[in-house]
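This report introduces a single chain to a reader who has not seen it before. Please look over the sequence and the model first.

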Amino acid sequence: MRQWATVVWAVAALGCGEDASVGGSGGGHDDAGPADAAPMPADARAGGGRTEGAVCFDHVECAAGLVCAVGVCGAAFPRTYSLSFTSIALAETNGAGEPWDPGGGLPDPYVVLMVDGAEIHRTATLTDVRGATWRSPVEVELDAGSALSFAVFDADPEAERDESVGEVDVPNIGVVVRNGGFRGQVPSLPAIVDFDLSVTPR
Ligand SMILES: [Ca+2]
Ligand SMILES: [Ca+2]
């Protein structure tokens, strides 16, 4: 049986500037697997009751199970979404508390996005930066059972392989699409100070 890591996510809702902290609970952490987040409550952005086809400006105005896509409430799934891993901020040292590069250089981050375990996008690798931003959206069809995850790496061209900073499972995709994305911290991965994955319906 899968065990959830004990985590607390700080998630900012897109478009309205609100911050919502969601507390998680659970048992031990499976060190071999990706970092998990506790599922957010399904009614986190339950909000309004506008039905399919109604005009909208924000997902929260649409009834549960719908998103506001190009100004009209429509079924959240299945639907094509634009995913964009827009930024990451890394700590001064890696997860082991050591310098990112032999000799003390800054990290060289890139991020791999996955749906159901298959890579769908890889950002460019940026050199010697703790804070990275990208503009490289990718479109992908998601359904209610899609498993979205991402893996963060520090490129180490002189090493045998790039350094894995961590892998994160995105919880509760139905809530994430209505929040417009997934962002915050990964308490079980202290080397990741902040990240922002934007999810926009097409
Ligand atoms: Ca470097
Ligand atoms: Ca490096």
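Are the faces of strand 3 (residues 66-69) covered, and which residues lie on each side? The model is predicted, and in it both faces of this strand are covered. Leu66 and Cys68 sit on one side, Val67 and Ala69 on the other, and all of them are buried.

| Residue | Side of strand 3 | Exposure |
|---|---|---|
| Leu66 | one side | buried |
| Cys68 | one side | buried |
| Val67 | the other side | buried |
| Ala69 | the other side | buried |

Strand 3 runs antiparallel to strand 4 (residues 72-75), and 4 bridges join the two. Within this pairing, Val67 has Gly74 of strand 4 as its bridge partner. The two strands form a hairpin with 2 residues between them, where Val70 takes a positive phi near 50°.

A second site is Thr125, which lies in the loop between strand 7 (118-122) and strand 8 (131-133). Thr125 counts as partly exposed because 15 other C-beta atoms lie within 10 Å, whereas a buried residue needs 20 or more. Leaving aside residues up to four places away in sequence, Thr125 touches Asp108, Tyr110 and Ala155. The C-alpha atoms of Thr125 and Asp154 are separated by 8.4 Å, and these residues are 29 apart along the chain.

For the chain as a whole, there are 1 helix and 13 strands. Their order from the N terminus is β-β-β-β-β-β-β-β-β-β-β-α-β-β. The chain has 202 residues, of which 32% count as buried. Of the contacts between residues at least 6 apart in sequence, 54% join residues at least 24 apart.

Methods
Residues are numbered from 1 along each chain as its sequence is written. Chains are lettered from A and ligands numbered from 1 in the order in which they are written. This is a predicted model: local features need pLDDT of at least 70, side-chain atom pairs count only at pLDDT 80 or more; totals for chains, interfaces and linings use all residues. A residue is buried if 20 or more other C-beta atoms lie within 10 Å of its own, exposed if 12 or fewer, and partly exposed in between; C-beta atoms are placed from the backbone. Two strands pair if DSSP finds at least two bridges between them. Two residues are in contact if their C-beta atoms, placed from the backbone, lie within 7 Å.
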